[in-house]
Amino acid sequence: MSFNILLVDDSAVMREIIKKTLRLSGIPLGELLEGANGKEGLELLNNNWVDLVIADINMPVMDGEEMLDAMKKDENLKDIPVLVVSTEGSESRIERLKAKGVRFLRKPFSPEKLRDEIYDLLGVNYHEQRADDF
Amino acid sequence: MSKEQMISKVSDIVTDTFEKLAFLFLVPLDQICVEEEESISVRVLFEGPHKGSMTLKVPILKAQEIAQNMLGIDDATEESVVEDALKECINILCGNVLPELFGKREIFKIGRPFRIDLEEGVDNSERGFKVSFESEDGYCLTVSLLLGSSLEEASKEGEAGSND
Ligand SMILES: [Mg+2]
């Protein structure tokens, strides 16, 4: 079994960093989809099967919170796990996001922290997964 | 919060961010270094309880290494990629600095980072400050913060508005 993951971040460099971390994480990867803002993210969600969304908040055109609100209103998208990876530092805004049922990881993050959050969200046991690899 | 305390918080965030993001170990300096080498500068503007800008200036050679480390690649990097990497650095720095200085419950809007060719003098004034950092191999990076109002006013309001 492998996971299709959608990355939504306006920084191409940050998308590369996350992709690099995903490849090194040992998570069985299916398709990696990329969008540069919430609007592109929603289009990809509507046209592809996605198991996990990793999204930035601060983006032009449509920000991550608006994308999340649109996902929550959509029967087909509302249950997809979302990990928000953002520089957002305001506790009030982070609480508001968490109340919408997403995980939050602050930039800068260590690769291990990102990997652990994803394993947790996908419900994969990291050690079992590693044992499978060998 | 005094200006010295602000500088110390910003220094901690800068060293921590570059360590995590680019495996770059920096030491804050007591003085602003005068950089002779060709550099790249990037800036973000922010709005919210306080308006202002934050700027990062990095020598080109060091900037290339930062981009390579962030992306996990060895080859020489195109200038546009180097620029994007620094833009993401200043974005992350600013996102972490604002709540630390002005209150964790305040909501700021951070604009898109952009490159600047010439850095207009953000000297250590009542509206802002600069801090320089040295890398292990002797390169100098400089981070500056400039507000629309005085630092003293801004930090007082921040303390009054935060719960911690
Ligand atoms: Mg962003």
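This is a short walk through a predicted model, with one stop after another to select in your viewer.

**Stop 1: the sheet in chain A**

Start by colouring the strands of chain A. You should find an open sheet of five strands, paired in parallel and ordered β2-β1-β3-β4-β5. Look at the two edges: β2 (29–35) and β5 (103–106) of chain A stand there, and each has a single partner strand, so one side of each has no neighbour in the sheet. From one strand to the next, the twist averages 20 degrees.

Now zoom in on residues 3–8 and 52–55 of chain A, which are strands β1 and β3. Four bridges join this pair in the parallel sense. To see one spot where they face each other, pick L6(A), which sits opposite V53(A) in β3(A).

Next, add the helices that pack on this sheet. Helix α1 (residues 12–25) of chain A touches β1, β2 and β3 of chain A, and its direction makes about 175 degrees with that of β2(A). Then show helix α3 (residues 64–72) of chain A, which also packs on the sheet, touching β1, β3 and β4 (82–86) of chain A. The direction of α3 makes about 155 degrees with that of β3(A).

**Stop 2: the magnesium ion**

Select the magnesium ion and show what surrounds it. Which protein donors does the ion have? They are D10(A) and D56(A), each through OD, and N58(A) through its O, lying 2.1 to 2.4 Å from the ion. Along the chain, these donors follow the spacing D-x45-D-x1-N.

Trace the backbone from here and you'll land back at the sheet: D10(A) is in the loop between β1 and α1 of chain A, while D56(A) is in the loop between β3 and α3 of chain A. The pair therefore ties together parts that are 46 residues apart in sequence. While you're here, click on D56(A): it is buried, with a relative accessible area of 2%.

**Stop 3: helix α5 of chain A**

Move along to residues 111–122 of chain A, helix α5. Its 12 residues reach 17 Å from the first C-alpha to the last, close to the 16 Å expected at 1.5 Å a residue. Show the side chains and look for the buried ones: L114(A), R115(A), E117(A), I118(A), Y119(A) and L122(A). Just past the end of α5(A) comes G123(A), which takes a positive phi of about 70 degrees.

**Stop 4: the strands of chain B**

Switch to chain B and select residues 39–47 and 52–59, strands β2 and β3. They pair in the antiparallel sense over eight bridges, and R43(B) is a handy marker, standing opposite T55(B) in β3(B). The two strands form a hairpin with four residues between them, and G48(B) in the turn has a positive phi of about 145 degrees.

Strand β2(B) has other pairings to look at too. With strand β5 (residues 114–116) of chain B, β2(B) pairs antiparallel over three bridges; there, S41(B) has I116(B) as its bridge partner. Strand β4 (residues 109–110) of chain B also runs antiparallel to β2(B), joined by two bridges, with F46(B) opposite I110(B).

**Stop 5: T15 in chain B**

Finish on T15(B), in helix α1 (residues 3–22) of chain B. Is this residue buried or exposed? T15(B) counts as buried because its relative accessibility is 16%. A polar atom of the T15(B) side chain lies 3.0 Å from the backbone oxygen of D12(B). Beyond its neighbours within four places in sequence, T15(B) is in contact with L24(B), L26(B), P28(B) and F133(B).

Key. Residues are numbered from 1 along each chain as its sequence is written. Chains are lettered from A and ligands numbered from 1 in the order in which they are written. This is a predicted model: local features need pLDDT of at least 70, side-chain atom pairs count only at pLDDT 80 or more; totals for chains, interfaces and linings use all residues. Side-chain values use heavy atoms; hydrogens and water are left out. The expected span of a helix is 1.5 Å times one less than its number of residues. Buried means under 20% relative accessible area, exposed over 50%, partly exposed in between (1.4 Å probe, protein chains only). A polar contact is a pair of N or O atoms within 3.5 Å; within protein, one must be able to donate a hydrogen and the other to accept it, and residues adjacent in sequence count only if both atoms are side-chain atoms. Contact means heavy atoms within 4.5 Å. Two strands pair if DSSP finds at least two bridges between them. Axes are lines fitted to C-alpha atoms, for helices over the stretch in contact, and angles run from 0 to 180 degrees between N-to-C directions. Donors are N, O and S atoms within 2.8 Å of the metal (3.2 Å for Na, K and Ca); water is not among the atoms, so sites may look incomplete.
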